[in-house]
Every structure is written in C-alpha cells, then in structure tokens.
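Student: Hi, could you walk me through this structure?
Tutor: Happy to, here it is.

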Number of protein chains: 2
Amino acid sequence: MRAGNAAAVEIDEFAAWMARGLAHFERAADTALPPATRAPQRLHEAMRYAALGGGKRVRPLLVYAAGECGARAGEAALDSVALAVEFVHVYSLIHDDLPCMDDDVLRRGRPTVHVAFDEATAMLAGDALQAEAFCVLADAPVAAETRAALMRELAHAVSTFGMCGGQAIDLASVGRSLSASELETMHRMKTGALLLACVKMGALAVGADAVALAALDRYGRAVGLAFQIVDDVLDVEASSTSLGKTAGKDALRDKPTYVSMLGLAAANARAEALRKEALDALAQQGEEALRLRQLADFIVLRNC
Amino acid sequence: MRAGNAAAVEIDEFAAWMARGLAHFERAADTALPPATRAPQRLHEAMRYAALGGGKRVRPLLVYAAGECGARAGEAALDSVALAVEFVHVYSLIHDDLPCMDDDVLRRGRPTVHVAFDEATAMLAGDALQAEAFCVLADAPVAAETRAALMRELAHAVSTFGMCGGQAIDLASVGRSLSASELETMHRMKTGALLLACVKMGALAVGADAVALAALDRYGRAVGLAFQIVDDVLDVEASSTSLGKTAGKDALRDKPTYVSMLGLAAANARAEALRKEALDALAQQGEEALRLRQLADFIVLRNC
C-alpha cells in the first residue's frame with residue numbers, strides 16, 4: 001500500500017471513529033436530558049433544542065479520546081463527563097447569544113434559543129444546563145472520590161478564573177485594544193479552560209496515571225488555545241453557511257482577535273505551532289493517544 | 001423568673017445567635033468570594049455587590065442550625081455549605097431581577113445588579129455564582145464522599161426538578177390560573193427545594209444519623225413551603241421599605257400566589273400549620289435542634 005493510501009485509510013478510520021462517537025453521544029444526551037413531556041415542558045424543550053441541535057461535539061470527543069489513556073474500568077463514567085462538559089458549553093452558547101451579550105440570531109444553522117423560544121426561557125435553559133452538568137457528574141457510575149474530583153475540575157474550569165472570567169474579559173474588550181498576552185489570557189480562560197477540563201476529566205474518569213495526566217495537561221492547554229485561534233481565523237475566512245453561525249462578527253463588533261492582532265498568516269502559524277506542541281506533549285504516549293493526536297489535527301485543520 | 005421573662009430571654013439569646021451567625025457568614029463570604037482587585041474586576045465587583053449586600057441569610061442560618069444535629073468533626077465544612085447555598089440563592093435573585101424576567105430595580109434596599117452594573121455583567125455574575133457554589137463545595141474541608149454527596153444534593157436542588165424548574169413554572173403562570181396543587185408544586189420547586197437542601201446539606205456535612213436526617217427532611221419540606229407562603233403574605237401586607245424590595249409586585253403582575261388563591265387569612269393559617277408540622281418533625285430531637293425550632297418560628301413569624 002502506498003503512503004498516500006495509508007494516510008487516506010487512517011483519515012477514513014478516524015472519520016468513522018468520530019461518527020460513532022457523535023452518534024453515541026447524541027443517544028446519551030437524548031437519554032440524559034429531562035424529557036420534553038415532563039414539566040416544565042417549555043424549559044425542557046429549550047434545553048433539548050439547544051443541546052441536541054448538532055455541533056461539532058469537540059468536547060465530548062476530547063473526553064472519549066482522553067478516556068483511552070487509562071483503565072477500562074472507568075469507561076462507564078465517560079458518558080457522564082462528555083455530557084457534563086457539553087451541557088456547560090451549550091449553556092455558555094445560549095447565554096452568549098442573548099441580546100445583552102452578543103445578540104446573535106443564528107447558531108448551528110438554526111435560530112438561537114432566545115429567538116426560537118424567548119429571552120427568559122433561554123436564560124433559564126442556560127442556568128439549568130449548568131446545574132444539569134453537575135447532576136450528571138454527581139450521578140456518574142464511578143467512586144465518590146472520582147466524582148468529587150470531576151466536579152471540582154468542572155467547577156473551577158467554569159468559574160471566574162476560567163470560562164465565566166474569560167467571557168467577562170471578552171465583554172470588556174470590545175472596542176479596546178488588548179496586548180497579545182491579554183488576548184491569550186482571555187482565550188485560555190474563555191475557551192481553553194473547558195477544553196483542558198475535557199481532557200483532564202476524561203483521564204481522571206479512567207484513572208490515568210500521573211505521567212499520562214501531566215502529558216494530557218500539556219496537550220490540553222495547547223489544543224485549547226489552538227482551537228480559539230482557528231475559530232478567529234475561520235470567523236474571517238469562512239462563510240456563515242459553512243460555520244452555521246454568523247461569520248465576520250468579530251470584526252463587525254471591533255473585537256480583538258488573533259487575526260486582528262497578528263494578521264492571518266501569523267495566526268495560522270501560531271495554530272500550527274500549538275498543534276505541534278500538542279503532539280509533542282504526547283510523544284511518550286503510545287497507541288492509546290492515537291485519538292488525541294488525530295483530534296489535535298482535526299481541531300487545527302478543520303474548516304468549520 | 002416569670003414565663004414572659006423566660007421567653008424574652010430565649011428570644012434575646014436567639015437574636016444573639018443569629019447576629020453571631022450573620023457576622024460569621026459575612027466574613028466567610030468576604031473571604032471566599034474572588035477579590036475585586038483581581039481580574040475580571042467588574043465581574044468580581046458585581047458578584048460581591050450582590051452576595052455581600054445583606055439579606056436575611058435564612059439559608060446559611062438553616063445550614064448552621066442543621067449542623068448542630070451531628071458530630072463536631074464536620075463543622076469546618078458548614079461554612080462551605082452555607083456559602084454554596086447562599087451563592088446559589090443570590091445568583092437566582094440576580095437572574096430573576098433581569099428585564100427579561102421580573103424586571104426589578106430594587107433588591108435589599110439597593111439597585112439590582114443589572115441597574116448598578118449592566119445586564120451582561122448581571123447575567124455573568126449569576127452564572128459565575130452558580131459555578132462558585134460548586135467550587136466552594138468541591139474544596140470543602142471534609143471527606144471526598146461527603147463532598148460528592150453535598151454537590152449532588154445541591155445540583156439536584158437547583159435543577160429543572162428544583163429551583164430552575166420552579167422559576168420556569170412561575171414564568172409560565174403569569175396571567176394564568178393555577179390549581180392549589182400546581183401552586184404548591186411551583187413553590188416547593190422554586191423556593192422549597194433549596195431551603196430543604198440547606199437543612200439536608202448541613203446535616204450531611206456533620207454526618208447526622210439516618211433518624212436525624214429523616215426528621216430534618218420533613219422539617220425542611222415544611223419550612224421550605226412555609227417560607228414562600230409568608231413571602232406571598234408579606235408581598236401584600238408589607239411596604240417596599242421594610243421588605244427592601246418592591247412590594248405588591250405579585251398582584252401587579254397578575255401572578256398567582258397563596259394570597260390570591262386562598263385569601264390572607266387562609267394563607268396565614270396554612271403557614272402556621274406548616275410551622276407546627278416543622279416543629280412536630282423535630283419532636284424526637286433534643287436540645288441540638290433548638291436553633292432549627294427557633295428558625296421555624298422566625299421564618300413564619302417574621303415581618304420582612
């Protein structure tokens with residue numbers, strides 16, 4: 001078999017793994033979310049509309065990939081972790097899209113939650129999804145010590161020193177100029193902290209050893225920042241149709257981004273350097289880190 | 001000493017206990033909340049403005065009172081529990097006051113958070129306080145198993161089958177008529193679930209035995225519902241000045257309440273019956289339940 005064919009086979013095999021992971025996650029989410037037939041119906045409908053509405057599911061995939069770096073015993077808890085991080089992500093999107101924040105009407109190719117429902121329901125759906133994330137972790141089929149560690153990791157990742165804090169800095173930065181290090185801090189908090197938590201929580205759930213945890217921590221930090229830089233690049237390069245959300249909005253809102261700060265070429269180069277850093281972090285890991293390596297490529301080389 | 005004097009002494013002694021508890025809680029909250037000097041400053045300022053802005057602190061007091069019904073060993077964790085439940089309560093107030101919900105401008109005698117800051121900051125402050133609640137529980141100085149149990153209790157209490165669900169039913173009920181049982185379900189979820197969690201979590205933190213837990217569960221349910229009925233009564237009877245929030249707003253918004261459904265006299269009678277039910281639940285408890293008994297009286301007989 002020629003090298004080109006081998007690469008193509010590997011890509012196909014990874015695409016199949018992703019497809020299986022996505023289908024598995026959708027079923028798990030459908031089961032875990034409160035049913036729309038149960039009161040309060042409209043709130044449950046809004047949560048399901050937002051959480052079952054597609055998306056790349058990068059966070060659950062990172063959880064499943066990290067979960068290959070430990071014992072099989074903890075695998076049952078990986079769904080709980082995948083659900084928790086995605087519920088938090090979806091809650092942050094719902095609140096971010098509200099009129100008082102980014103005021104966006106399009107997300108994943110569909111009307112945002114406050115457009116499809118109403119503002120109050122959208123706010124409550126976000127609030128409830130944050131609570132639901134902790135519910136699924138609290139009920140995860142794993143030892144109490146692990147559950148406590150998982151909830152601790154998530155709580156800190158979404159605190160004011162993580163996701164919420166990054167949102168606040170983002171909000172305050174509109175129309176202002178940030179230094180390169182301020183921009184990086186904002187992104188590491190706003191997007192990076194939760195992406196890092198996906199990798200660490202997946203590894204915690206399966207009891208990965210200290211060496212693997214340290215490697216995955218370094219990997220998670222690199223991939224977390226790379227993800228946001230690529231997002232900034234795509235906001236400039238891609239169309240709203242391929243993104244499924246409003247393209248070009250950062251520039252319209254005069255938001256500082258990697259592209260506005262470094263230019264397209266340097267932003268792309270930085271993302272590529274972070275991809276190499278992520279792969280390098282996994283150098284001592286074996287075949288069990290295959291999916292993490294492939295996800296690093298996917299995250300940086302994606303076009304939507 | 002005459003009976004009247006004995007009662008007066010007991011009330012003074014309870015007032016002193018409350019005052020010590022409040023002062024202790026304020027210090028603990030001041031220490032636990034992220035400092036306003038640290039970025040993101042405006043978000044931290046808003047969280048501190050809301051969480052340090054006074055209030056009756058019924059939830060922390062219930063935690064401390066329930067914490068007297070177990071071993072001294074767990075006492076160090078009571079502050080964490082008190083902070084967590086109050087942070088959740090404060091987050092719910094901030095979001096509830098937003099224009100898309102109750103659109104209220106006055107809370108605890110001061111401008112609401114979105115008035116004093118802005119809507120986006122208010123939403124983020126609420127989001128961050130929910131996360132902070134889980135952070136303090138995750139870091140509570142108690143065994144991992146207890147921490148996991150505390151976070152589980154809180155997560156379920158604030159889920160769509162608890163506080164968030166109650167808010168959604170409340171929202172959907174404006175201008176509609178509810179049956180008495182629908183109204184009770186709404187209140188048990190919206191206010192009662194978190195008040196019950198205060199009592200259960202306080203008892204869990206100090207390792208209360210199963211008999212005490214069952215008694216406190218029954219007590220918490222009764223007190224939780226009584227609290228909301230008294231709130232409904234005060235909304236009609238009291239002034240905005242004494243309440244520190246807008247009085248009479250339920251009627252203005254055509255919201256179903258215990259008063260609109262049963263009338264004032266029957267609502268007061270129901271609150272009194274629930275006070276008796278709460279005291280009855282504690283009949284087999286000894287002196288360790290003194291504060292819980294006094295709080296049941298305070299919650300029903302308060303005038304603000």
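Tutor: We can go from the single chain to the pairing of the chains.

Student: Anything to know before we start?
Tutor: This is a predicted model: local features need pLDDT of at least 70, side-chain atom pairs count only at pLDDT 80 or more, and totals for chains, interfaces and linings use all residues. Residues are numbered from 1 along each chain as its sequence is written, while chains are lettered from A and ligands numbered from 1 in the order in which they are written.

Student: Cool. What does the secondary structure of chain A come to?
Tutor: Chain A has 15 helices and two strands, taken as DSSP runs (helices H or I, at least four residues; strands E, at least two) numbered from the N terminus.

Student: And what does chain A span along its principal axes?
Tutor: The C-alpha trace of chain A spans about 50 × 50 × 35 Å. Its radius of gyration is 19 Å, which agrees with the value near 19 Å for a compact globule of 304 residues; the radius is taken over C-alpha atoms, and the globule rule is 2.2 Å times the number of residues to the power 0.38.

Student: How much of chain A is buried?
Tutor: Buried residues make up 53% of the 304 residues in chain A. A residue is buried if 20 or more other C-beta atoms lie within 10 Å of its own, exposed if 12 or fewer, and partly exposed in between, with C-beta atoms placed from the backbone.

Student: Switching to chain B, how many residues of H4(B) are buried?
Tutor: 20 of the 20 residues of H4(B) are buried, so this helix is largely enclosed by the rest of the structure.

Student: Now the pairing. How many residues of chain A are in contact with chain B?
Tutor: 40 residues of chain A are in contact with 40 residues of chain B, where contact means C-beta atoms, placed from the backbone, within 7 Å. On the chain A side, helices H2 (41-51), H6 (119-138), H7 (144-157) and H8 (163-173) each give two or more residues. H6(A) provides the largest share, 12 residues.

Student: How are the two copies related?
Tutor: A rotation of 180° with 0.0 Å of shift along its axis superposes chain A on chain B, with RMSD 0.0 Å; the fit is by least squares on the C-alpha atoms of residues with pLDDT of at least 70 in both. The copies are thus related as by a two-fold rotation axis.

Student: Which C-alpha in chain A is nearest the axis?
Tutor: That of A:Ala148, 2.4 Å from the axis.

Technical notes:
Contact = placed C-beta atoms within 7 Å.
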